[in-house]
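User: Please take a close look at one part of this model, the packing of its helices. Keep it brisk, and follow the contacts down to single residues.

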Amino acid sequence: MSKVSAEFIAARIAVLTISSRRGEDDDTSGHYLRDAALEAGHQVVAKAIVKENRYAIRAQVSAWIADENVQVVLINGGTGFTEGDQAPEALLPLFDREVTGFGELFRMLSFEEIGTATLQSRAIAGIANRTLIFAMPGATKACHTAWEKIIAAQLDARNRPCNFHPHLKS
């Protein structure tokens, strides 16, 4: 069982938006994830936007996995079924362990919101070099669901009976 802390411990988070259309000015999902993390008390140490290209995605996430200052990567976009949706293909080779429950739980919660359209979500998560990586759809509502109903609690060292904090880089 993971250790539970009596105190909040801020995680160092990087936010990645995967989009060939969005820029910093209209990155509503990336801005939401950044703001939600900050409001929760975490540190956002990096933010980037990459094109829908599995090698560009892999390169950016690999750099953050190797960076001792990044403990968590929140990715929005690239998890659907269009030709540009390549987040799972980019990320799976990087994972030391896949967090299969994230995608399962995300789709269960999304079913309550969008019905069977959730079948087209390939949301995934994993751990690589003690860096926790969550990839969710690019819709801001989907990012809200993932953050509010799953990620926020699992990044809180006070969450019982367990959380991901003990598995992150120091």
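Analyst: Start with helix α4, residues 100–114, and its packing on α5. Their axes lie 10 Å apart and meet at an angle of about 120°. The coordinates come from a predicted model. Angles over 145 degrees would count as roughly antiparallel and 65 to 115 as roughly perpendicular. The pair α4 and α5 is therefore oblique. Its crossing is right-handed.

Which residues make the contact of α4 with α5? From α4 come Phe102, Leu105, Phe106, Leu109 and Glu113. From α5 come Lys141, Ala142, Thr145, Ala146, Lys149, Ile150 and Ile151. By class, that contact holds eight nonpolar residues, one polar and three charged.

Now turn to the other partner of α5. Helix α1 covers residues 28–39, and α5 covers residues 140–154. Here the axes are 9 Å apart, at an angle of about 25°. Angles under 35 degrees count as roughly parallel, so α1 is roughly parallel to α5. The crossing of α1 and α5 is right-handed.

The α1 side of this contact consists of Thr28, Ser29, Tyr32, Leu33, Ala36 and Ala37. The α5 side supplies Thr140, Cys143, His144, Trp147 and Glu148. Sorted by class, the residues are six nonpolar, four polar and one charged.

One residue of α1 deserves its own look: histidine 31. Is its side buried or exposed? Histidine 31 has a relative accessible area of 19%, and buried means under 20%, so histidine 31 is buried. Its side chain makes a polar contact of 2.8 Å with the side chain of glutamate 24. Leaving aside residues up to four places away in sequence, histidine 31 touches Glu24, Asp25 and Lys47.

Finally, a residue in a loop. Glutamine 71 sits between α2 (54–66) and β3 (72–76). With a relative accessible area of 3%, glutamine 71 is buried. A polar atom of its side chain lies 2.5 Å from the backbone oxygen of lysine 169. What else does glutamine 71 touch, not counting residues up to four places away in sequence? One group of its contacts is Ala10, Ala11 and Arg12. Another is Arg130, Thr131 and Leu132. Leu168, Lys169 and Ser170 complete the list.

Methods. Residues are numbered from 1 along each chain as its sequence is written. This is a predicted model: local features need pLDDT of at least 70, side-chain atom pairs count only at pLDDT 80 or more; totals for chains, interfaces and linings use all residues. Side-chain values use heavy atoms; hydrogens and water are left out. Axes are lines fitted to C-alpha atoms, for helices over the stretch in contact, and angles run from 0 to 180 degrees between N-to-C directions. Helices (H or I, at least four residues) and strands (E, at least two) are DSSP runs, numbered from the N terminus. A crossing is left-handed if the near helix is turned anticlockwise from the far one by less than a right angle, and right-handed if clockwise. Contact means heavy atoms within 4.5 Å. Ala, Val, Leu, Ile, Met, Phe, Trp, Tyr, Cys and Pro count as nonpolar, Asp, Glu, Lys and Arg as charged, and the others, Gly among them, as polar. Buried means under 20% relative accessible area, exposed over 50%, partly exposed in between (1.4 Å probe, protein chains only). A polar contact is a pair of N or O atoms within 3.5 Å; within protein, one must be able to donate a hydrogen and the other to accept it, and residues adjacent in sequence count only if both atoms are side-chain atoms.
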